[in-house]
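Work through the exercises below with the sequence and the model at hand. Each task is followed by a solution in steps.

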Amino acid sequence: MATPRLLLGEQVLDKGLISKDGRRVGKVDDLLLEINEEDPESLPEVLGILTGPLTLAEEWQGWLRWLMYRLYRFLGIANPKPIFIPWDAVVLIQAVVRLDLTRRQVGLTKLIEAVDRRFVRWLPWT
Amino acid sequence: MRRSQTYGVHPAASLTRPEESAGRGRMAKISALGLGILAGVGGFVDFGGIITSLQAGAQFRYALIWTLVVGVIGFAVYAEIAGRVAIATGRTMYDVIRDRLGARVALIPLIATTISHVLTVLVELAGMTLVISYITHISYLLLIPLAALLLAIFVWKVDFEIMDNVGALIGLTMLVAVVTMIASVHDWIHMAISLFHPSMATAHPVALYLFSAISLLGAYMTPYQFDFYSAGALEEEWGATEFVTNRVVSTVGTGFGALITLGLTGTAAALLYPHHQAVSGFADAVLPFRESLGAVGVAFFLVGTFAVSFGAGLEATMSGSYAVMQYFGFDWGKKGTALQEPLFYFGLLGMLVLAVLIGETRVNPLLTTTLTMAIGAVALPFNFLPLLIVANDRDYMGDSKNAPAMNIVACIILGLLILVTVGAIPLLILSGSY
């Protein structure tokens, strides 16, 4: 039987990510590939998924990138970085990419907790 | 390889199953339909639509009524498409647009509509505060933060379905515009003909006329309406059995809203145009209702204006946060509380804060309204084109993709809006509308 092939650009990039606990945890903003330098003709290996606004910010114009980093600082997150999800955490790829990680394990809760801590929970009507 | 092919060891399972229905009884479906139609009324009429319609009638009599025909068709067509895409894919506009076109290209409609959303929130806050200011004589600048606070509390605490329908139901008091039109218009044949064959005798100055047409189209088809409709279909868990509901809501509801808008323009044409009375302040907008129906007319107009501004303010605020969350793939929607989905609620807060900050710079609220509607029209092609591409993609839509007739109409509307986008800034400068 032929090995199934995956068109990363068409079937993976920009797809929504769903955690093990059924939460939306971002989009496949970029992929980390490793090229075998000893065999440049071989297909690169997918190491994992990069996600989070900072992943996209690296591709944007300077002022947009600056704005995104400022926003993270404003939210109280020091040393913000893109989120990396290892490829072996991916369990299903269809209309969305399902992960074998909870939202906390993905690492998105850092941003969520920062927003909650700084703004949302202090509002009297929350 | 087809987009729908799975990769992995688990059975195929999509995020949502369009074939599942909410399993409602017949009465509940009729109720949903009725409320959906009423929501369509509230969605089509907001403070921007009220002011631009009155200004159009006061300045140009019936010469701009034709825009209503284009606006109704455009809104009905693209609202139906947005709803059908949401039902067929189980995903919202910005989600599928980014999926289909990529992050970089999808950033363009996101930025364009976010600017439109923030300004629209400001316009609706202006509508709420100008009504209160008219009654109490308190400066609207003092009231803007309070109005934003009211919106924040409501959007935080109130259930989606109640929120969607309360504003629209109360907004039916705007039918007072239809009553005043019936009471004051005498040349019905001239008005009816102008819907399809406008007389250009009153269409001057030309630059201002064309710019006003742009503002009116933007008022009829404000970007937040489509975002909200698309996300709302999923908030209310519309399934495959709601395709008919979607079609009826997007057409019949629009029709009711168009009737109110026609009433506003006709009223101003009959009662303001003969006296060369422009609508440059909110008090000017109240005049024709006072003249026609006295205190009762004024009361209905004020209640209706507040209600539709409030409802549209809620929708525009939510649409702004929807778009950003859906683009980045975060949780969104009213199903979760603020503590469960702080990012979404932070987005809501951000929209309101930005709108208040701009409002407190003392920008002229009616001028801001006109410009915001024009900006909305300019932003539309950046949403409609990607939406049209997705709606014609069989991999996403299956058998629910656009019919050829729908594509023809949608492309004509899109072509017109592209001309609007190209011509808006030159006309803004030439008309001196800034």
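The exercises go from confidence to helix packing, an aromatic pair and backbone geometry.

This is a predicted model, in which local features need pLDDT of at least 70 and side-chain atom pairs count only at pLDDT 80 or more, while totals for chains, interfaces and linings use all residues. Residues are numbered from 1 along each chain as its sequence is written, chains are lettered from A and ligands numbered from 1 in the order in which they are written, and side-chain values use heavy atoms, with hydrogens and water left out.

**Exercise 1. Assess the confidence of the model, chain by chain.**

Step 1. The scores of the model are ipTM 0.91 and pTM 0.87.

Step 2. Take pLDDT, the predictor's confidence in each residue, from 0 to 100. Its average in chain A is 86, with 96% of the residues at 70 at least. In chain B the mean is 84, and 86% of the residues reach 70 or more.

Step 3. Go down to the elements, which are DSSP runs numbered from the N terminus: helices (H or I, at least four residues) and strands (E, at least two). In chain A, helix H5 (residues 109-118) has the lowest mean, 83, and strand E5 (residues 83-86) the highest, 94. In chain B the lowest mean, 33, belongs to strand E1 (residues 7-8) and the highest, 95, to helix H8 (residues 176-184).

Step 4. Over residues 1-24 of chain B, pLDDT stays under 50. Where pLDDT is low, the predicted coordinates should not be read in detail.

**Exercise 2. Describe how H5(B) packs against H15(B) and H11(B).**

Step 1. Two packed helices are described by the angle between their axes and the distance between the axes. The axes are lines fitted to C-alpha atoms, for helices over the stretch in contact, and the angles run from 0 to 180 degrees between N-to-C directions.

Step 2. Helix H5 (residues 103-136) and helix H15 (residues 365-391) of chain B pack at about 150°, with axes 9 Å apart. H5(B) and H15(B) are therefore roughly antiparallel; angles under 35 degrees count as roughly parallel, over 145 as roughly antiparallel, 65 to 115 as roughly perpendicular and the rest as oblique.

Step 3. Contact means heavy atoms within 4.5 Å. Among the residues making this contact are B:Ile108 and B:Leu119 of H5(B), and B:Met373 and B:Phe382 of H15(B). The contact of H5(B) with H15(B) has 14 nonpolar, eight polar and no charged residues.

Step 4. For H5(B) and helix H11 (residues 223-235) of chain B, the angle is about 100° and the axes are 9 Å apart. That makes H5(B) roughly perpendicular to H11(B). Here B:Thr113, B:Ser116, B:His117 and B:Thr120 in H5(B) meet B:Pro223, B:Tyr224 and B:Asp227 in H11(B).

**Exercise 3. Classify the ring pair B:Phe154 and B:Phe310.**

Step 1. Rings of Phe, Tyr and Trp (its six-membered ring) pair if their centres lie within 6.5 Å; planes under 30 degrees apart count as stacked, over 60 as edge-to-face and the rest as tilted.

Step 2. The centres of B:Phe154 and B:Phe310 are 4.9 Å apart and the planes are at 80°, so the pair is edge-to-face.

Step 3. B:Phe154 lies in helix H6 (residues 140-157) and B:Phe310 in helix H13 (residues 282-328) of chain B, 156 residues apart.

**Exercise 4. Locate two backbone features in loops of chain B.**

Step 1. B:His204 and B:Pro205 are joined by a cis peptide bond, with omega about 0°. B:Pro205 is in the loop between helix H9 (188-196) and helix H10 (206-220) of chain B.

Step 2. B:His137, a residue other than glycine, has a positive phi near 65°. B:His137 sits in the loop between H5 and H6 of chain B.

Definitions and conventions
Ala, Val, Leu, Ile, Met, Phe, Trp, Tyr, Cys and Pro count as nonpolar, Asp, Glu, Lys and Arg as charged, and the others, Gly among them, as polar.
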